[in-house]
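Colleague: I have just opened this one and would like to talk it through with you. Could you start with how the elements are named, and then we can go wherever the questions lead?

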Amino acid sequence: MDANATTPLLPDVLASMQPYWIEHFANASSIHQPGQEARRGVDHAREQVAQFLGCRTAEVVFNSGGTEGDNTALRGILCAGDHLITTAIEHSAILTTAAHLEQSGVAVTRVAPLPDGSIDPEAIQAALRPTTRLISVMMANNETGVVQPVEAIGRIAAKAGVPLHLDAVQAAGKVPIRVEEIGCHLLSISAHKMHGPKGVGALFVRRGTQIESLVLGGGHERRRRAGTENVPGIVGFGHAAEIAQKTLADGTMDRLAALRDRLENGLLARIPGCGVNGCGMNGSTAPRVANTANLWFDAVDSEALVIALDLKGLSVSGGSACHSGATEPSHVLLAMGVDKARARASLRFSLLKTATQADVDAVLEIVPTAVERLRALAPALAGVSA
Ligand SMILES: Cc1ncc(COP(=O)(O)O)c(C=O)c1O
């Protein structure tokens, strides 16, 4: 139940990578035949990722993953004196980079979300300045699963003549991504969130976009990202993208959404003093990716609950995975207006696409007992009558 942190390789993805470790191990930049064999693997993967995003192959820049894509989008575009519009609910790959740029003279506006976790396109419009040089918004939030109105934001960006970057790391493989329809100039994705290998990803860079490479060296990736290509990783990523595209059309997401709803409704029915953060609450109709649910459990510390559930073999997250272990409550929930106590009492459940009803029913057995036990251990804190 922690698929938003990472996903396992699919056996087919592993099989596609296998020949590139030992047999076709050559450097894809070498002009000899083994090098060209490795190059063909990279080229094929580039076609698969381009299909997945609806872009040209020349617009796909392979890199090490979402963090690098996000860093490149911001640091490759923005200079002192420029203005960046982003949101308060971005992943730390964006927020930390934005704060770093702020130190060197980039002005940053962090647009707050609505209480349901969605970003109002009008708030983006209102934040525009003559110096705005980039808008960076996540396509789907890693903690709540809320899918942002990226087409509407794309129209605002296009009208203002400002490039739009989307962090689509959590959207990829869960909702279709068509970069032409959105009209974005840059978009980051990461293989390990979509059943591909860790340490590989891609940045879509629209043709004609002026962007500096973060990594300097050889002329790899059309001079946009130097370094010998991770051929097995790229091949696996391409294969994962092709499978993900098929999965988007075969009813898997409807099945997953039904399982997520079963999980959410089951927990709400079984546990007093519990509720859903973000969309789904108060009649909000903000769309969500199919696999994610974020719930609060009054009078329970989420870290203690993560540990209690772990002991029962259930892996969940008390915030974004990158923050687990930290005592700070989720910046996403706080920005949505959730109070600190409730943010500290919230858990994210994110289903793998292979999840079954039996998995969900096991969670419905384990979580209520764990919550009850933790509340019994700290009765003075319990804000609900058990
Ligand atoms: C929304 C979002 N952006 C970026 C990242 C970073 O991606 P990577 O792990 O590939 O560096 C993550 C990972 O959790 C994420 O959820």
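Modeller: Helices and strands here are DSSP runs, H or I of at least four residues for a helix and E of at least two for a strand, numbered from the N terminus. With that in hand, Ala299 can be placed in the loop between β9 (292-297) and α11 (302-311), and please keep in mind that this is a predicted model.

Colleague: And Ala299, why does it count as partly exposed?

Modeller: Ala299 has 18 C-beta neighbours inside 10 Å, and therefore it counts as partly exposed, since a residue is buried from 20 or more such neighbours and exposed at 12 or fewer.

Colleague: How far is Ala299 from Gly251?

Modeller: The two are 48 residues apart along the chain, and their C-alpha atoms are separated by 38 Å.

Colleague: Let's step back, then. Into which domains is the chain divided?

Modeller: There is a domain 1, covering 11-247, and a domain 2, covering 252-377. Taken over C-alpha atoms, the centres of domain 1 and domain 2 are 28 Å apart.

Colleague: How many residues are in contact between the two domains?

Modeller: On the side of domain 1 there are 23 residues in contact with 25 residues of domain 2. The residues on that side of domain 1 divide into 10 nonpolar, 10 polar and three charged.

Colleague: New topic, the ligand. Which residues are the closest to it?

Modeller: The ligand is surrounded by 13 residues, and the closest of them are Gly65, Gly66, Thr67, His91 and Ser190. By class, the shell around the ligand consists of three nonpolar, eight polar and two charged residues.

Colleague: Which helix gives the most to that shell?

Modeller: That is helix α3, residues 66-75, which contributes three residues to the shell around the ligand.

Colleague: Last thing, the backbone. Which residues have a positive phi although they are not glycine?

Modeller: As background, most residues other than glycine have a negative phi. Among the residues that depart from this are His195, with a positive phi of about 65°, and Arg223, also with a positive phi of about 65°.

Colleague: Where do they sit, and is each one buried or exposed?

Modeller: His195 is in the loop between β6 (186-190) and β7 (201-205), and it counts as buried because it has 28 C-beta neighbours inside 10 Å. Arg223, on the other hand, lies in helix α8, residues 220-223, and counts as exposed because it has 12 C-beta neighbours inside 10 Å.

Terms used. Residues are numbered from 1 along each chain as its sequence is written. This is a predicted model: local features need pLDDT of at least 70, side-chain atom pairs count only at pLDDT 80 or more; totals for chains, interfaces and linings use all residues. A residue is near a molecule or strand if its C-beta atom, placed from the backbone, lies within 6 Å of it. Ala, Val, Leu, Ile, Met, Phe, Trp, Tyr, Cys and Pro count as nonpolar, Asp, Glu, Lys and Arg as charged, and the others, Gly among them, as polar. Domain bounds come from an automatic or database domain assignment. Two residues are in contact if their C-beta atoms, placed from the backbone, lie within 7 Å.
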